[in-house]
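Welcome! Here is a short, friendly briefing to help you find your way around. Take a look at the structure first, and then read on.

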Amino acid sequence: MMLSAVAVTFTVLTFTSAILCIAMLLAWMHFGRRPYALSWALAYGCGMLQWAINATGNMVFKGHPVPLVVASMLAITSSSLVLIGCRQRAGLPEHYGRLIASAGFTGALITSAYTLFPHYGLRVGVTNLYIAIMFLIAIKSLYPANRRPSPPEIGLLVMLTVFALFQILLTTLSLSSGPSGANGVAATVRTVMIIGVPPIVIGTGIAALFLLAGDLAESVRHLATRDSLTGVLNRRGLEQAATSALASARRRGRPLALVIGDIDRFKSINDRFGHLAGDQALAAFAAHVQGVVREEDMFARLGGDEFCIILVDATEKQAMATVERIRATLVGLELPEYPGLTLSASFGVTGFQPGDTCFSDMLRRADLALYDSKIGGRNRTTVAQPLVLAVAPTGTGG
C-alpha cells in the first residue's frame, strides 16, 4: 500500500514539475527573457528529473544507492536554482562560486552517507536541511528592501516560508530516525512527505507563476506610463501621479510645486546637428534633471522637448531654488559626439493654490510662466503670476 502511495506521489510530482517547467520556460521565452524565469524553469526541470529518478529507484532499483544519490543531487540543484532566481529578480549577485562549493560539500556528505557510512537519517536529513537553508536565503533575497511587497511577492514569500518550515520538519524527523531508519520514524517521514510535498511543490510553482504574471503586468503598466526615449514618466503617467499628489496636498494642507521647462532653441539643434543629436540632447537633459530632483518628486516628458516636474512638499521658493540649480549646472553639460552643441533651458514655476481643482490648473499657470521666460530672453526661470492673472495671453491687435 505504501509503495503504491509513493508511486502515485512521485508520478504526480513528476508531471506537475514538468508542466511548471514548461510554463516558466514559455514565460521566459515570450515575456522579456527575464533571467529569473529561466532559473525557476530549470529548477522545476531538475525537480521533474528528481521525482522521476526517485520513482525509478523506489520501484525498479529498490535499495540501490545510485538513483537515490542522483535524486538528492538534483534536489540540491533545484533548490539552488530557486535561490538564484530570487536573487536575480532582486538584482543581487548570484554568488555561483559559493553555491557550487556548498552544493558540492553537501553532495559529498550525502554520497558518503549512502556509501561509506550508511546512515538513513543523515542522508535524508542533510538534503532537506540544504533545501531549507536555500529557501530561507531566497526569502531574504526576494523580500524588497525599500517598499512593501506586492501581493504576488507576498504569495511566493508565504509559500517559500511554508516550504522551508516543512523541510525543517523533515530534517528533524529524518535525523531522529537513526542510521537504519528502522525505529518507525522513517515511515513517518515517508507519510509526511506523501501528504505534504505535492501541495507545497504545486503551490510554490503556482505562486511563482503569479509573480511572473504580476511582473509582466507591471512591465505593461511601465511601458504605458513611461517615455521610451528618456525613461521618465510620459504625460499619461504624470497625470496619474499628479492627481494623487494634488489630492494628498489638499488633504494634508502641504505645499506642492509644479515646474514646466523646455530646451532652448531645440529646433535649431535638430536642424544643425540632426534628429539623433536632438534625441541625445533630450536624454541628456532628462538624466541631468533626474540627478537633481529628489526620489519622491515626479519628472515627466510632456511631449517634444517639454518636461514637467512636480515637487512634493515644496513651496514656490524651494522649487525655484531647485530649478535654478538645474538651469545653472545645465550650461556645462556637453555631448561628446557633437562638439559645439550646448544646452540651456527655460522654466516656469507655480505652487499649489486652494482654488486648484485639477492638474491642468497648475499646468496652465506654469506654462504661462514658461512663456514669460521665453519672451524674456530664454535660459531663465519665472514664477507664475497670481491665479487671477493666470489666463491665456491674447493679441494686442496689430
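How many bridges join strand S1 to S3, and do the two strands run parallel or antiparallel? There are 7 bridges between strand S1 (residues 256–263) and S3, and the two run antiparallel. Please keep in mind that this is a predicted model. The points below start with the strands, then turn to the nonpolar cores and a pocket.

**The strands**

- Strand S3 spans residues 306–312 and is mostly covered, with 5 of its 7 residues buried.
- On the S1 side, isoleucine 260 has cysteine 308 of S3 as its bridge partner.
- S3 also pairs with strand S2 (residues 298–303): 5 bridges join them, and they too run antiparallel.
- Glycine 303 is bridged to glutamate 306 in S3.
- S2 and S3 form a hairpin with 2 residues between the strands, and there glycine 304 takes a positive phi near 60 degrees.

**The nonpolar cores**

- The largest nonpolar core holds 61 residues, and the members that touch the most others are Met24, Trp40, Phe135, Leu142, Leu156, Leu160 and Leu212.
- Seven helices each supply at least two residues of this core: H1 (2–30), H2 (35–59), H3 (65–90), H4 (96–114), H5 (120–142), H6 (151–175) and H7 (185–225).
- Among these contributors, H7 gives the most to the core, with 11 residues.
- For a closer view, try leucine 160: leaving aside residues up to four places away in sequence, leucine 160 touches Val82, Cys86, Phe135, Ala138, Ile139, Leu142 and Thr204.
- Another core lies apart from the largest one; this other core has 30 residues, including Ala277, Leu282, Ile309 and Leu311.

**The second largest pocket**

- The second largest pocket has a volume of about 420 Å³.
- Its lining is made up of 13 residues, and Glu218, His222, Thr225, Arg226 and Leu233 are the closest to the pocket's centre.
- Which helices each supply at least two residues of this lining? They are H7 and helix H8 (235–252).
- H7 provides the largest share of the lining, 5 residues.
- By type, the lining residues divide into 6 charged, 4 polar and 3 nonpolar.

**Worth a second look**

- Helix H7 turns up under two topics: H7 gives the most to the largest nonpolar core, and the largest share of the lining of the second largest pocket comes from H7.
- Strand S3 is a handy landmark too, as S3 is joined by bridges to S1 and to S2.

Conventions. Residues are numbered from 1 along each chain as its sequence is written. This is a predicted model: local features need pLDDT of at least 70, side-chain atom pairs count only at pLDDT 80 or more; totals for chains, interfaces and linings use all residues. Side-chain values use heavy atoms; hydrogens and water are left out. A nonpolar core is a set of buried Ala, Val, Leu, Ile, Met, Phe, Trp, Tyr and Cys residues joined through side-chain atoms within 4.5 Å. Buried means under 20% relative accessible area, exposed over 50%, partly exposed in between (1.4 Å probe, protein chains only). Helices (H or I, at least four residues) and strands (E, at least two) are DSSP runs, numbered from the N terminus. Contact means heavy atoms within 4.5 Å. On a 1 Å grid over the protein atoms alone, a cavity is a set of points where a 1.4 Å probe fits but cannot get out, and a pocket is an open set with protein on both sides within 12 Å along at least five of seven lines; lining residues have an atom within 4 Å of a point. Grid points are joined across faces, edges and corners, and a volume is the space filled by probe spheres set on the points. Ala, Val, Leu, Ile, Met, Phe, Trp, Tyr, Cys and Pro count as nonpolar, Asp, Glu, Lys and Arg as charged, and the others, Gly among them, as polar. Two strands pair if DSSP finds at least two bridges between them.
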